[in-house]
Each structure stands twice: as C-alpha cells, then as structure tokens.
Amino acid sequence: TETETRNHRAGTQQNGVAAAEASTVDDAFDDTYTEKEGPRPPMRLVWRNIIAMSLLHLGALYGITLVPSAHALTLLWSVVCYLISALGVTAGVHRLWSHRSYKASLPLRIFLALGNSMAFENDIYEWSRDHRSHHKYSETNADPHNAKRGFFFSHVGWLLVRKHPDVIEKGQKLDVSDLRADAVVMFQRRHYKLSVVLMCFVVPSVVPLLWGEALAVGYFVPGLLRYAVVLNATWLVNSAAHMWGYRPYDKSIYPRENMLVALGAAGEGFHNYHHTFPFDYSTSEYGWRLNITTAFIDLMCLLGLASDRKKVSKETLLARVQRTGDSSARSG
Ligand code: ST9
Ligand code: ZN
Ligand code: ZN
C-alpha cells in the first residue's frame, strides 16, 4: 500500500540509501538518437597501442610462468593490488565519477583515484567521458566500444584504432562540468603519467622486496600480470556482458546479466540492470551477491566516508521488469 511504501522509503533513507528514479548526470540512454546514414570511415590503426598491448600480454604470460616460484606473500600482494585497482575502477571511476550513484568524502576520493591510477585505464576524466558516451549512445558509432562491431572491437580493438568521428562529435556535447569541478579528478589528470608509473608499476614491483622477493617477480606478477587481468576483466563487461546472458530488465538493449563477468569484475556483470538503471549504486538487484564493490561502498558509508547511495525503488523495478523484461527475472 501507499503508506507502506512511504514508510519503506523513509526507512531506507535513514540508512543513507535514497530511492532514485533518474540520473543526475548526462549518462541516460538517448532513444531519440539515430545512426547517421552512409559507410563507416576506414579504420586507422594506432601501432603504438598495438605494440604496447601485445608486449603487455606477452609480459603477463611470462608472469604466469613465474607464479609457481613466487613467495606466498607476493601472491597475496598481487590479490591486494588487483582489489585496489578493481575498486579504483568500479567504486571509483565507474559508480562514483561516471554515474554519481553515491557521494564520497575527500579521503575516499583520493584512495579511489590512486586505485584508478594503479588500474591504468586512462584518467578519470577521459574514462568517465567515454563511459557517459557509451551509455547515452549505446550500440551506435558514437559509443566508443560499440558492441555491434563485434567481440574483439568492443573488448580491446577500440583502443587500437582512432575513434569514430561520431564519438568525438557527440561526446563533445556531453555535460562533464561535475568532473571539471572535482579537484581530485583534475589533479589526477594533470599528473596522470607520473601517477601511473608509480601506482601501476613501481609500487606493485618494489613492495615484495620487503620479504626478499626478486624485483623481476614483483614486476611481472603483481605488476604486469595483475594489470592485464584487471584490464581483461574490465573489457569483458564491454564485450561478453553485451553479448551473453539474460535481459530481465530490458530485452530491447544489448547489455546482459553475466555472472562470470560479475565474478571477475568485482560485481560489474549485472549489465542489463546497469544500463536500465545507470544511477543505481549497486549496479545490481542483488546487493552483495558476487558484488564486492557494493559491499565496499556500504562499508565506506558505515565508516562515514561515503553517503547518499541511490537505489532504484522496488516498485519502479518491478514495473520495468513487467514492461520491458525478457521474463527471465526471478524478482518479486
Ligand atoms: C582502458 C579503458 O582499458 C577501459 C575502459 C572500459 C570501460 C568499461 C565500462 C564497463 C562498465 C564498468 C566495468 C568496470 C569493471 C572493472 C573490473 C575490474 C577488475 N567525448 O582519445 P583520443 C575528443 S585504457 C568527447 O586521443 P583518437 C577530445 O577532444 C587502457 N570528446 O582519440 C580528445 O582530446 P582530449 C590503457 C572526446 O586520436 C580528442 O577527441 N590505455 C571523446 O581517435 C582526442 O581523443 C590505452 O590503451 C569523448 N568520448 O585516439 C590508450 N573521445 O582528451 C587508449 C575523444 O585532450 N587510448 N574526444 O580532450 C588511446 O590511445 C586513444 O584514445 C585512441 C583513440 C588511439 C584509442
Ligand atoms: Zn556504467
Ligand atoms: Zn555497457
């Protein structure tokens, strides 16, 4: 009933979770946008990136061969680096800066920016701008990793060629004023290269010296191997989670619910839900399930370092499932 609903909302707001119905940033799907006519301009390869990505993946393969001889603490440290860089992407540039699905205090934003530099996936400003383009113009040429161009292009190919002119043309009209106004975002952008050298390569490599690990093992295992794993886990959200899985919330869009991707990507595989409700801080209907990032944000709220989590209301969710879902949903 209505009273129950009101009480329920008031109750959840007291816990710092507010029912939300719409985005506060420029990340909502634009269903009025239609693809331009005519052939796609030829692809222009960027050899610097092709060579760098090949070398990284060769280095990561070599890192795998070093795993059996690595110190147990080095392996534990690799997991810690994976978690810090994953959170810098999921809780940081994705849920906080791209979608503003919750608010974070200065110390938390500094931690997330450091984790983001450890993940070396472009600076927060550029990543968020590309990501808002991805949501607003999904599966068109104005989407930087348009999944209509196939698995390889949406996975990594888009980073190896010049962008489609529509990405730049439409992207330049996006509102990114909130990012420009965030001192942590602009500081990280100004010092991006140095922060990546330190956070992605130097810190992961030298910390294992503390327990007598060889520098090479530090460089290839928590360094390159961990970096390549974080990249591919992220990229699978753009490739696999736009291809395989159910669509309980909106069957008319590409993004899917993919549990394997959620597992590897710290909770970011519930992608049909996420594209349907991009403002929801949990990017999933199911709380902490396969979603360490949601647990982390909840912990930060408990510690007073984050607040204002936005969550789609149960009523809106159920109505949407009824209206546009593929009827695979078990919610109710
Ligand atoms: C990487 C990114 O890996 C990964 C992102 C994945 C996103 C995933 C999303 C899924 C959801 C979340 C899941 C998280 C899961 C995490 C799990 C963790 C375990 N709007 O780019 P340029 C303009 S990076 C507006 O050079 P080119 C702008 O003026 C990996 N404007 O274009 C710009 O200048 P500026 C490491 C835009 O020349 C100018 O155009 N990094 C937009 O065509 C030029 O831009 C790399 O590999 C826009 N959207 O080059 C390097 N875009 O920036 C990759 C552009 O000054 N990048 N403009 O304002 C490059 O080398 C180049 O970007 C390029 C294109 C060659 C790809
Ligand atoms: Zn998103
Ligand atoms: Zn997506």
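This report walks through the predicted model, from its annotated spans to its core, ligand shell, strands and selected residues.

## Annotated spans

The UniProt record, an unreviewed entry, places a "transmembrane region" feature at residues 45–64, 70–93 and 196–221. Two of these spans can be described from the model. Residues 70–93 are 92% helix and 0% strand. The C-alpha atoms at the ends of that span are 31 Å apart. Residues 196–221 are 69% helix, again with 0% strand. Here the end C-alpha atoms lie 17 Å apart.

The UniProt record, also as an unreviewed entry, gives "domain: Fatty acid desaturase" at residues 75–278. In the model this stretch is 62% helix and 1% strand. Its end C-alpha atoms are separated by 35 Å.

## The nonpolar core

The largest nonpolar core holds 64 residues. Leu112, Leu236 and Ile297 have the most contacts inside it. Helix H11, residues 215–238, is the top contributor, with 13 residues.

Ile297 sits in helix H14, which spans 292–302. Beyond four places in sequence, the contacts of Ile297 are Ala91, Tyr102, Tyr281, Ala306 and Arg309. Arg309 belongs to strand S4.

## The shell around ligand 1

Ligand 1 is surrounded by 33 residues. The closest are Ala86, Arg162, Lys163, Gly171 and Ala265. Four helices each give two or more residues to the shell: H3 (72–98), H5 (124–136), H7 (165–171) and H11. H11 is also the helix that gives the most to the largest core.

The shell is mixed in class. It has 16 nonpolar residues, ten polar and seven charged.

## Strands S1 and S4

Strand S1 covers residues 17–20 and pairs with S4 in the parallel sense. The pairing runs over four bridges. One of the bridge pairs joins Ala19 to Lys311 of S4.

S4, residues 309–312, is covered on both faces. Arg309 and Lys311 are buried on one side. Lys310 and Val312 are buried on the other. In a regular strand, side chains alternate between the two faces of the sheet.

## Buried helix residues

Ala262 is part of helix H12, residues 259–264. Ala262 counts as buried because 26 C-beta neighbours lie inside 10 Å. Outside four places in sequence, Ala262 touches Gly267, Glu268, Gly269, Phe270, Leu290 and Asn291. Ser239 is 23 residues away from Ala262 along the chain, and their C-alpha atoms are 13 Å apart.

Val185 lies in helix H9, residues 183–190. Val185 has 23 other C-beta atoms within 10 Å, so this residue is buried. Its contacts beyond four places in sequence are Trp97, Ile124, Tyr125 and Leu179. Among these, Trp97 falls in H3 and Ile124 in H5. The C-alpha atoms of Val185 and Arg226 are separated by 24 Å, with their positions 41 residues apart in sequence.

## Loops with positive phi

Two loop residues other than glycine have positive phi. Phe120 has phi near 40°. Its loop joins helix H4 (106–119) to H5. Phe120 is buried because 20 other C-beta atoms lie within 10 Å, and 20 or more is the cut-off.

Glu139 has a phi of about 60°. Glu139 sits in the loop between H5 and helix H6 (151–155). With 20 C-beta neighbours inside 10 Å, Glu139 also counts as buried.

## Exposed loop residues

Pro41 lies in the loop between S1 and helix H2 (47–66). Pro41 has 11 other C-beta atoms within 10 Å, so Pro41 is exposed. Pro165 is 124 residues away in sequence, yet the two C-alpha atoms are 8.5 Å apart.

Leu303 occupies the loop between helix H14 and strand S3 (306–307). Leu303 counts as exposed because 11 C-beta neighbours lie inside 10 Å. Its C-alpha atom is 34 Å from that of Val321, 18 residues apart along the chain.

Notes. Residues numbered from 1 in each chain as written. Chains lettered and ligands numbered in written order. Predicted model: local features only at pLDDT ≥ 70, side-chain atom pairs only at ≥ 80, totals over all residues. Core = buried A, V, L, I, M, F, W, Y, C linked by C-beta atoms within 7 Å. Buried ≥ 20, exposed ≤ 12 C-beta atoms within 10 Å, placed from the backbone. Contact = placed C-beta atoms within 7 Å. UniProt positions renumbered as here; feature names shortened; annotations may be inferred. Near = placed C-beta within 6 Å. Nonpolar A, V, L, I, M, F, W, Y, C, P; charged D, E, K, R; others polar. Pairing = 2+ DSSP bridges.
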